[in-house]
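Student: I should like to work through the charged pairs and the helix packing of this model. Could we begin with the pairs?

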Amino acid sequence: AQRNGFNYDQDDFVEDDSPFIGELRRKNSSTWNPCKEFSLKNDLELTDRYPQTSVTWTTPLSFRVLQPYLKSSSVQLKTVLQLCSLQQSTIFDAIDSSKQVAAFPPNFIHSLDATHMFRTALACFKSDVTFASVHDCFWTHAATIPQMNRILREEFVAMHSEPILERLRDEFLRLYRDYKVPVVLKRSSDEKKRVWRNIYIPPLPQRGEFDLKKVLESEYFFS
């Protein structure tokens with residue numbers, strides 16, 4: 001469709017065969033500054049003047065994750081030895097769009113890794129297996145390594161058998177359905193226009209044919 005001579009088609013933002021997380025990031029890239037209130041008469045005004053929100057989601061263990069990236073101001077402090085730059089952050093700072101967008105994919109994966117670690121720790125506790133971890137390294141006594149190897153594989157399969165992406169998409173639709181982001185449309189190399197549109201939540205990709213239960217038999221899945 002065209003509006004005032006500008007091409008503005010949903011197909012410009014949709015590629016059905018793209019992975020969900022990458023598509024979600026790319027289609028809202030550099031524009032994640034969602035506002036729940038906006039004015040069509042003042043669509044060129046900065047979104048900092050309107051209520052904003054950070055990217056947030058819920059892990060499979062029901063932990064709520066909220067990305068804290070804001071645009072903080074800095075103050076330079078001159079001493080007899082050097083010039084120091086101090087960051088000042090408050091809850092009233094504007095959302096840092098670029099950091100919110102860039103950080104979401106790895107942070108979401110990290111939240112799943114942490115969920116797998118928690119599930120493994122709980123299952124080891126129930127089985128009377130000593131468990132310790134540092135980041136993504138799982139430790140136990142030599143005598144209980146076979147048990148922990150079995151447990152961590154079982155918990156990985158159990159977690160990823162859940163509808164993780166379906167829940168994420170449903171949560172995003174519920175949280176952000178009333179929010180808008182500014183988008184710059186190009187009619188030519190010299191002519192641009194800024195408009196508001198709904199945050200784009202892409203459809204989920206089709207599931208592949210990989211049998212997740214093969215992880216249970218994989219010797220080097222976690223080593």
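**Charged pairs and helix packing**

Tutor: In this predicted model, glutamate 171 and arginine 64 join their side chains in a salt bridge, 3.9 Å from N to O. The two partners are 107 residues apart, arginine 64 being in strand β4 and glutamate 171 in helix α4.

Student: Is glutamate 171 buried or exposed?

Tutor: The cut-off for buried is under 20% relative accessible area. Glutamate 171 has a relative accessible area of 7%. Glutamate 171 is therefore buried.

Student: Which residues are joined into one network by salt bridges that share partners?

Tutor: Arginine 119 in helix α2 forms a salt bridge with glutamate 155 in helix α3, with the closest N and O atoms 3.0 Å apart. Arginine 119 also meets glutamate 162 in a salt bridge of 3.1 Å, N to O, and glutamate 162 lies in the loop between α3 and α4. Salt bridges with shared partners make one network of Arg119, Glu155, Glu162 and Arg167.

Student: Are helices α2 and α4 oblique or roughly perpendicular to each other?

Tutor: The axes of α2 and α4 are 13 Å apart and form an angle of about 130°. Angles of 65 to 115 degrees count as roughly perpendicular, and those over 145 as roughly antiparallel. The angle of about 130° falls in neither range, so the two helices are oblique.

Student: How many nonpolar residues are in the contact of α2 with α4?

Tutor: From α2, Phe104, Phe108 and Leu112 meet Ile164, Leu165, Leu168 and Phe172 of α4. No polar and no charged residues belong to this contact, and the nonpolar ones number 7.

Definitions and conventions. Residues numbered from 1 in each chain as written. Predicted model: local features only at pLDDT ≥ 70, side-chain atom pairs only at ≥ 80, totals over all residues. Heavy atoms only, no water. Axes fitted to C-alpha atoms, helices over the stretch in contact; angles between N-to-C directions. Helix = DSSP H or I, 4+ residues; strand = E, 2+ residues; numbered from the N terminus. Parallel < 35°, antiparallel > 145°, perpendicular 65-115°, else oblique. Contact = heavy atoms within 4.5 Å. Nonpolar A, V, L, I, M, F, W, Y, C, P; charged D, E, K, R; others polar. Salt bridge = Lys/Arg side-chain N within 4 Å of Asp/Glu carboxyl O. Buried < 20%, exposed > 50% of the residue type's maximum accessible area, 1.4 Å probe, protein only.
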